[in-house]
Amino acid sequence: MSLRDGWPAVSNAADQFDIRAALRVDTALDMDGNIKTGVAVTGKSLSGLVTARSDMQVDVAAFAATLDRQGPVKLYNDGVVQVKLDAAPTANSRVDAIYVKQQETASPISDSADGPIFGKVTGTPSTSPTPPAVPSGAMRLADVTIPSTATSTSSSGVTITQRYPYTVSAGGLMQFRVADDMNSWNAPDGYRARLLDGTEYRRVNGAWTATSVSGFYDGTTDTNGAVKISVPWKPGTVFLQAATIDDDNRRFWYPVLFGMDATSFTVREVDLRNQNYTGRQAVKFFWKAEL
């Protein structure tokens with residue numbers, strides 16, 4: 001191991017692997033220094049990069065991506081490209097994998113050619129087909145299920161499942177399709193993440209923690225009109241909203257934030273008519289806490 005040539009630096013001093021090593025500083029890495037490969041978040045990448053056509057090809061839309069080839073490789077597809085699939089199987093169905101790859105012949109990589117390619121791996125027909133593996137160094141973009149009746153990728157029964165992950169620059173807000181994808185990435189503490197359903201998380205003490213939690217309290221306060229709500233962390237902001245109770249007097253009672261500590265916050269009920277805290281009683285309120 002040695003200190004590598006910097007980039008930019010003396011002309012031609014750094015080769016492509018030196019440059020890739022230097023690009024790690026701007027690339028999202030996990031706790032072990034592994035590159036978080038994926039595509040940049042855009043309106044198209046959120047809706048689906050790989051789409052059907054009226055023939056046995058699929059369209060791959062424009063995107064920017066980070067691959068891992070002995071270091072990060074920044075790859076850009078600047079327009080719609082077609083990938084041709086084989087004719088449908090004579091029986092059953094199969095799953096074809098669509099991928100993108102930066103080929104490299106320079107050691108320690110030993111591909112057969114240099115340059116970026118789109119490719120496909122044709123699956124094996126079966127009554128319960130499974131997606132085939134993609135080549136080493138490639139990023140899976142989509143899996144396409146082809147039934148025996150298909151004459152085009154827009155035929156009935158053909159399904160296209162987007163498989164590409166998302167990535168960002170180091171420290172950015174990371175996008176994931178579902179929680180399982182997020183939990184599989186061993187991110188350093190401090191990273192933030194968003195699922196496609198809009199839920200946001202923050203990495204805290206080696207685990208993903210929701211940056212907001214909410215609930216509905218329906219119970220009884222203590223003698224001081226107080227109730228403590230537990231949360232996973234010390235809240236930064238708490239929102240409260242009174243709920244209707246079938247008692248004319250209690251329509252004047254309102255929950256207010258009384259205090260916060262490392263894992264909870266305290267709410268007390270106030271009588272809006274005299275601004276005094278109430279005593280023990282049944283209360284209902286909605287709450288939301290944010291980091």
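Helices (H or I, at least four residues) and strands (E, at least two) are DSSP runs, numbered from the N terminus. The model is predicted, so local features need pLDDT of at least 70, side-chain atom pairs count only at pLDDT 80 or more, and totals for chains, interfaces and linings use all residues. Residues are numbered from 1 along each chain as its sequence is written, and side-chain values use heavy atoms, without hydrogens and water.

**Exercise 1. Overall form**

Describe the make-up and spread of the protein chain.

Solution.
- Step 1: Take the elements. The protein chain has 3 helices and 21 strands.
- Step 2: Compare the radius of gyration (over C-alpha atoms) with the globule rule, 2.2 Å times the number of residues to the power 0.38. The radius is 27 Å, well over the 19 Å given for 291 residues, so the chain is more spread out than a compact globule.
- Step 3: Add the spans. The C-alpha trace covers about 80 × 60 × 30 Å along its principal axes.

**Exercise 2. Burial**

State what share of the protein chain is buried.

Solution.
- Step 1: Fix the cut-off. Buried means under 20% relative accessible area (1.4 Å probe, protein chains only).
- Step 2: Apply it. Buried residues are 39% of the 291.

**Exercise 3. An open sheet**

Work out the strand order and the edges of the open sheet of 3 strands.

Solution.
- Step 1: Two strands pair if DSSP finds at least two bridges between them.
- Step 2: The order is 1-4-5, with antiparallel pairing.
- Step 3: Strand 1 (38-39) and strand 5 (72-77) each have a single partner strand, so one side of each lacks a neighbour in the sheet.
- Step 4: Strand 4 (residues 63-68) joins strand 5 through 6 antiparallel bridges. Here aspartate 68 lies opposite proline 72 of strand 5.

Technical notes: Buried means under 20% relative accessible area, exposed over 50%, partly exposed in between (1.4 Å probe, protein chains only).
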